[in-house]
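Hi everyone, and thanks for making room for me today. I'd like to walk you through a structure step by step, so please have it open in front of you.

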Amino acid sequence: MCASGKYSSRGPALIPRMKTKHRIYYITLFSVVLLGLIATGMFQFWPHSIESTADWSLDRRSVHDAPLVQLPVSNPIPERGDLSCRMHTCFDVYRCGYNPKNRIKVYIYPLQRFVDEGGVPISSTGLSREYNDLLSAISDSEFYTDDVTRACLFVPSIDVLNQNSLRIRETAQALAMLPRWDKGMNHLLFNMLPGGPPDYNTALDVPRDRALLAGGGFSTWTYRQGYDVSIPVYSPLSADVELPERQPGPRRYFILSSQTAIHREYRAELERLKEENGEALLLLDKCSNLSQGVASARKRCYKGQVFDYPLILQESSFCVVLRGARLGQATLSDVLQAGCVPVILADSYILPFSEVLDWKRASVVIPEEKLPEMYTILKSIPHRQVEEMQRQARWFWDAYFSSMKAIGMTTLQIINDRIYPYAARTYEQWNNPPVVKWSSVNSPLFLPLIPPRSPGFTAVVLTYDRIESLFRVITEISKVPSLAKLLVVWNNQNKSPPEGEKKFKCPECTAIDGLSLDQTHMVERSECINKFASVFGTMPLKVVEHRADPVLYKDDFPEKLKSFPNIGSL
């Protein structure tokens, strides 16, 4: 009884204490798990970036708040720039890797203010509005990444758009200090105004190692084809003046020149053309008698008459774009916006985005020495073709020139197409405006006229009257990479062929006019060969005797059907 009493008194007291311990343990465990889940969810879904320091935008961080970086005088300076660089020698494509979207990733360095040991900035202007717009466009695009380890291309936040504002040596030292510089490998610099007095180099003078250069004034001497990207010189008027699109067609003036800083020899030649052709040519210059407060950049004058610029450009079919101290001119952008066909006279100039844009569809390029013949050359262009070029010029501006964003995105897309060529845009995608149609197919009369990289074949197409079928055939043939030339023979003598590629007609030509029928032809040919042999030093031609026999004489059929029954054997 006693034993039973002791057990019954202790037993019931132990059971509640065990339950309390377990309850506290489970509550604690549940709380820990719950807090872990909440923390994980907040980390997963809360807006954040892997490298928040890469956020350079002026909307979130002022330039004045950017960290100050002092450049020691002894800091290394990059090499001048390797002119032999190509994508396969100076660009690490393996950084880009494969991704399902076939799109490069671009990293923008954080903003920093670079100064020398005396505290003087490397640039007199800091970060320009144009460069900030460019960086903002990249950061808002699908190319952008804030994860430096995923980047294929690196864009410094150092503004080198205008070389006039830069201290060359110090800017180069700042570039070399970038953590991922690696001799400029996979780095992209944007520059629109290269060089300086007196020679005005056509590429950025800042030493830049192997960095790619998107430049606004390349010549054939400084442009590294397939590596650099030729970009336009942005016109500030593009952001300030909105020109309504004008329908293609005849304009008040045939030729207009609006540039103010033209070399005196060119201006003298233009004045001579003006005297010869009268009102067809309008030659404008800067205004000297404007009232105070009137922006001179928006006005042009001719003999005291004041014109609004760039609106006046819409009143001409062709607009002259002459080289100045630099090859690249902002006037080109203004002209395209106005839907005026640019007449470009700038020898050796690499036109903007010429790697993908067919400029023969939107402009006329004339050698500088042929400036006196300009009027005659332009008069020979059919009216229908001029209208097509006016439309194409405006579309080029809308698509590729209208803003710093358009320029930046086009540049990155060109580089992207090089790295992922199997997913690259086609010629049609780069050059065909959506509205330009001929019946149900695109007009192929403005096929790319870029010289082939290697000798190709000539295609001859015979046609009579079926325009649409002809255009389809030309469009398909033009896609063959080895095509060098395409010749269309138009056989309908009662109907003119479509305006476009050059025409030749010779109804009076007969077989008796053949060169080989001239009695003196053989004598002249022999004299030519002998002259060649004397210059060459020896006769390279060899005498060869060759006998070509038909094999029908071996076939088993009646002898009377054989042309050469007794030919014998070799």
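**A hairpin to start**

Let's begin with two strands, β10 and β11, which form a hairpin with two residues between them. Lys 303 sits in that turn, and its phi is positive, at about 50 degrees. The two strands run antiparallel, and four bridges join β10, residues 299-302, to β11, residues 305-308. If you want a pair to find on your screen, look for Lys 299, which stands opposite Asp 308 in β11.

Before we go on, please keep in mind that this is a predicted model. How confident is the predictor in the chain? The average pLDDT is 83, and 79% of the residues score at least 70. Residues 1-18 are another matter, with pLDDT below 50 and one contact in the model beyond near neighbours in sequence. Residues 42-61 also stay under 50, and for them the model has 33 contacts beyond four places in sequence. Where pLDDT is low, the predicted coordinates should not be read in detail.

Now, on to the sheets. As a reminder, strands of a sheet pair through backbone hydrogen bonds, and they can do so in parallel or antiparallel fashion.

One open sheet here has three strands in the order β5-β6-β7, and its pairing is parallel. Why is one side of β5 and of β7 left without a neighbour in the sheet? Both β5 (188-191) and β7 (229-230) are at the edges with a single partner strand each, so one side of each has no neighbour there. Between β5 and β6, residues 212-215, the parallel pairing covers four bridges. You can spot it at Phe 190, whose bridge partner in β6 is Ala 214. Packed on this sheet is helix α10, residues 404-419, which touches β5, β6 and β7. The direction of α10 makes about 145 degrees with that of β5.

Another open sheet has five strands, in the order β9-β8-β12-β13-β14, again with parallel pairing. Its edge strands are β9 and β14 (364-365), and each of them pairs on one side only. Further in, β8 (residues 253-257) and β12 (residues 316-322) pair in the parallel sense over four bridges. Leu 256 has Cys 319 in β12 as its bridge partner. Helix α6, residues 264-277, packs on the sheet and touches β8, β9 and β12, with its direction at about 145 degrees to that of β9. There is also helix α9, residues 383-401, which lies across β12, β13 (341-345) and β14. This helix runs at about 90 degrees to β13.

Next, the cysteines. How many disulfides does the structure hold? There are four, and I'll take you through some of them.

One joins Cys 85 to Cys 90, with an S to S distance of 2.0 Å. The angle about its S-S bond is -80 degrees, and the link is left-handed. Are these two cysteines buried or exposed? The cut-off for buried is under 20% relative accessible area. Cys 85 has 0%, so it is buried, and Cys 90 has 3%, so Cys 90 is buried as well.

Another disulfide is formed by Cys 96 and Cys 152, with the sulfur atoms 1.8 Å apart. Cys 96 lies in the loop between α2 (87-90) and β2 (106-108), and Cys 152 in the loop between α3 (129-139) and β4 (153-155), so the pair ties together parts that are 56 residues apart in sequence. Both Cys 96 and Cys 152 are buried.

Then come Cys 287 and Cys 301, whose sulfur atoms are 1.9 Å apart in their disulfide. The torsion about this S-S bond is about 105 degrees, so the disulfide is right-handed. Cys 287 is in the loop between β9 (281-283) and β10, while Cys 301 is in strand β10, 14 residues apart. That takes us back to the hairpin strand we started with. Cys 287 counts as buried at 16% relative accessibility, and Cys 301 is buried too, at 8%.

One last stop: Gln 429, in helix α11, residues 427-431. Its side chain reaches the backbone nitrogen of Thr 426 at 2.8 Å. Leaving aside residues up to four places away in sequence, Gln 429 touches Trp 395, Tyr 400 and Ala 424.

Thanks for listening, and I'm happy to take questions!

Note on methods. Residues numbered from 1 in each chain as written. Predicted model: local features only at pLDDT ≥ 70, side-chain atom pairs only at ≥ 80, totals over all residues. Heavy atoms only, no water. Pairing = 2+ DSSP bridges. Contact = heavy atoms within 4.5 Å. Polar contact = N/O pair within 3.5 Å; in protein donor to acceptor, adjacent residues only side chain to side chain. Axes fitted to C-alpha atoms, helices over the stretch in contact; angles between N-to-C directions. Disulfide = S-S within 2.5 Å. Buried < 20%, exposed > 50% of the residue type's maximum accessible area, 1.4 Å probe, protein only. pLDDT = per-residue confidence, 0-100.
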